[in-house]
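Visitor: Please take one strand of this model and go through it closely. I would like to know what surrounds it and how its residues are placed.

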Amino acid sequence: MKRRAPRLPLLLRCILAVLATASLSPAHAAPGELEAKIKAAYVFHIIKFVDWPSLPADALQLCVAGNDGVTQLLVDLAGKQVKDRPLKIDSDGSFEPAQCQVLYVGRPEKRWAELQARLRGQAVLTVSDQDGFARGGGIVGLYPEGGKIKLEINPDAARSANLRISAKLLELARTVP
Amino acid sequence: MKTPRIASVLLLAPALAAAETLPRNGAPLENLPLAGFVEVTSLEQLGNLVVTDTKLEQSADTVTQRIVVLRNEEIEHLPSPNRNLAELMRHTSGQFVNVLSRNDANWGSYAGLGPKYNSYLLDGLPIDAFVDAMSLDSAAIERVEVHKGPASVLYSNYLSMDFVGNQTPLAGTTNFVLKNRIDTPLTRFSAGAGAWGSYRGSAYTQGNAGQLGYILSAGHERADYTPYGMPGSWLQATQSPHYEKDKFFLKLNYALDRPDHTLSLYYQRTAHQGNMGRPNRDFEHHYDTLNFAYNNAFATDWHLQFKYGERRYDRNFANDAYPASLALVNHEATRQTIRPADLTLSHRHGQGALLTLGVDAQWVDYETDVRSPAGGVSAENRAQARSTGYFIQEKLQLDQWILRGGLRRNTLQHDYARLGGNIPATNAASWSKNLWSLGTRYNLSPGLAFYANAGSSFMAPAAKQIGGTVSSPVTSGELPNPGLKPESGIGRDLGMAWQPSRELTVDLRGFLNTLGDAIVTNIVSAAPSQVRSENAGSARAMGFELDARYTPSAHFSLFANLTRTHTRVKDPSNTDHNGTEIPFAPAELANAGLSFRLPGDIHAAAYYHWVGRYYDSTSRSGRQGFGHFGLVNARLYKDLIHNARHEVRLTLDLNNLTDRQYRMPFDFRDPGFNAFVGVDLRY
């Protein structure tokens, strides 16, 4: 006698059918707000894994250049504790780059070349999601790949800035020359 | 064509949405303001990192093996009617979780192979897949990484010499990753009550003092547990069973000079006592678990890890002579200490390449005694074991290809001073084995990847199979077989990871696991009752796992998975065993679940679990069939108070809603429907 294959319960078959149908449905519009939030969160977490030769006692200064979704969000981090001191956010564009510990360069920012020249030899961690940022002399670049935001790090640029990047951070980033 | 930036970037969202039950205000994670978002996410989570494949955190899409991650916030909301860590994996594909009772171990299986072929790790150091899952506290766990496929190059066998023998990561390994990072202080009190007079209370606190992060937790649980054996069986109760369980753990993490140069210490003690429902069937167990770790990323591309652990198992049972008599016959005591150690060096080089090499070792002491009612103590078993392993693995990234290869040399030594109360003629055995592992992954597009892996492993015989337990030719027991070889196995898998949209993920994995020199125990004589273990067979398990998860909104998600497995034992020397199925491996497993929000801001999650047919033995004439049942568990919770400083949450667990009192091997039976109400205060 031919053995009948065991049947899955009706509920389970219904759920599998819903999932199969879902695979054919178009993707929802991707909210840019989440992308910006993830990038801004990266900036916050990256700071924990970088060592500066010295830090001001009162606050760690995060300067923000440009005006995009990420730069607008970073202002919300003002006062958050990181490396045992509060974050001070300077986003009005009047900052002196050499006085910052971290400089985030937003996408529309056109002055990167000028800022880069003023930062030469200064212990400032530069972060941006601009294409080719780390290859162009920045320290940490954020880029999309495989559906995720990923990191690329330029170790030579970090060394020039006298910053020590934690191996933990390097382990999850790709390094660029 | 270049993938549109925004569309590809936000494929991270399902990973975050999977944790949508986390936020303490009940809001989805992605909707939190940035200040809160950075508190509940970590670099590991943002990078979708997994650690088990290489011992260093790596992005999941650079890993050749499939790793399912259950994060702390998800763990907190999974039903666990028997308070057993194995139950957390019950709804992932391929896992058959068979927790016999709240007082007994998990006799499940994975990928068509029995419980000895899926090892467990605690932060990368082996633990016992049977007993430790019952004793460890889930509050210490940051995430669970279920590593599917062979993992025996980087991880050793666990030399559990108790009744289960060895455990090896051939079909997979499950890594319980401890909480290491304390971002914010938190104190939590929980209390609850439920069916069978169950009461539970716990206190938990975490915080930082300078460079020191700490967690302290203590809990107590007691229950007049219901009879959980088949009527008339050796588990028949004549009174209500009762148990009490106390758990305490401490976790310290100290950053020496940098966040990646750390010392950490974890210690847990569990005391478990009670009776199994008869006047002289009481038990008292103590479990101590210690993990020490030193981590040092000492240069830009070099990372050193040293880990050392101690697992002490002190188990005491009283035995009666049921059904002939309820009088005390004796007390059995088992004391076992297992000390694993691991030294691993990792070197990053080239474009994303990672070299991993190191050495691991284990030292085991195993003793059992029997004490008569008059107080006389006789030594039953005295054995020691030690193992050493040397391993090396290289992982390369070439554009969209990931290539991984590794080798291990393992040496294992057993010494037997006493077995079954006798001094055995064979008092030592040793084996050396070379193991290998290969894997590849191809990321075809941002949402689609293919992978394949293969690796070898082995399973050493148990002490009594080598040394025997009979004292003379006319006594019953196991006859010695000093020439017994280890079982050797090869695991293989081939899979696809597909994310067709932001809301949907689909995974398909096929597997083929084969065992050679399978150890089978044959009856040599009926009177006296004597058996001998021999390398007489082979076994094969093949099948597939299909997983899907759909998260259309922050307040509604759906998942389902299906596993089909075909297993066969080959033993031409024994027609009773030849052609039968591998024990404890169901032919089908299926799960479905959904979480949603009800009116009144009540969050609900429901899980359905289906188990197909499985058997308890390879003997066609003596085996019993089990399975073919479905279970429904549900959990409801509501935040009664929520503000910036406090949160009070009410939780209701409804387990086994259809009251299926299904049979399990060894005459166990699930007690059926039960409910538990809990209150959780956090500040």
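Guide: What follows is a look at one strand, with the chain around it described beforehand. The model is predicted. Chain B contains seven helices and 36 strands. Its C-alpha atoms occupy a box of roughly 75 × 55 × 50 Å along the principal axes. The radius of gyration of chain B is 25 Å, and a compact globule of 683 residues would be near 26 Å, so the two agree. Of these 683 residues, 47% are counted as buried. Contacts also reach across the sequence: of those in chain B between residues at least 6 apart, 63% link residues at least 24 apart.

The strand chosen is E6 of chain B, residues 118–122, which is mostly covered, with five of its five residues buried. Its side chains can be sorted by direction. B:Asn118, B:Tyr120 and B:Leu122 point one way from E6(B), while B:Ser119 and B:Leu121 point the other way; all are buried.

E6(B) pairs with two strands, described in turn. With strand E9 of chain B, residues 172–178, the pairing is parallel and runs over five bridges. In that pairing B:Ser119 lies opposite B:Thr173 of E9(B). With strand E7 of chain B, residues 125–127, the pairing is antiparallel and has three bridges. Here B:Leu121 has B:Pro126 of E7(B) as its bridge partner. E6(B) and E7(B) make up a hairpin, with two residues between the strands. One residue in that turn, B:Asp123, has a positive phi of about 50 degrees.

Methods
Residues are numbered from 1 along each chain as its sequence is written. Chains are lettered from A and ligands numbered from 1 in the order in which they are written. This is a predicted model: local features need pLDDT of at least 70, side-chain atom pairs count only at pLDDT 80 or more; totals for chains, interfaces and linings use all residues. Helices (H or I, at least four residues) and strands (E, at least two) are DSSP runs, numbered from the N terminus. The radius of gyration is taken over C-alpha atoms; the globule rule is 2.2 Å times the number of residues to the power 0.38. A residue is buried if 20 or more other C-beta atoms lie within 10 Å of its own, exposed if 12 or fewer, and partly exposed in between; C-beta atoms are placed from the backbone. Two residues are in contact if their C-beta atoms, placed from the backbone, lie within 7 Å. Two strands pair if DSSP finds at least two bridges between them.
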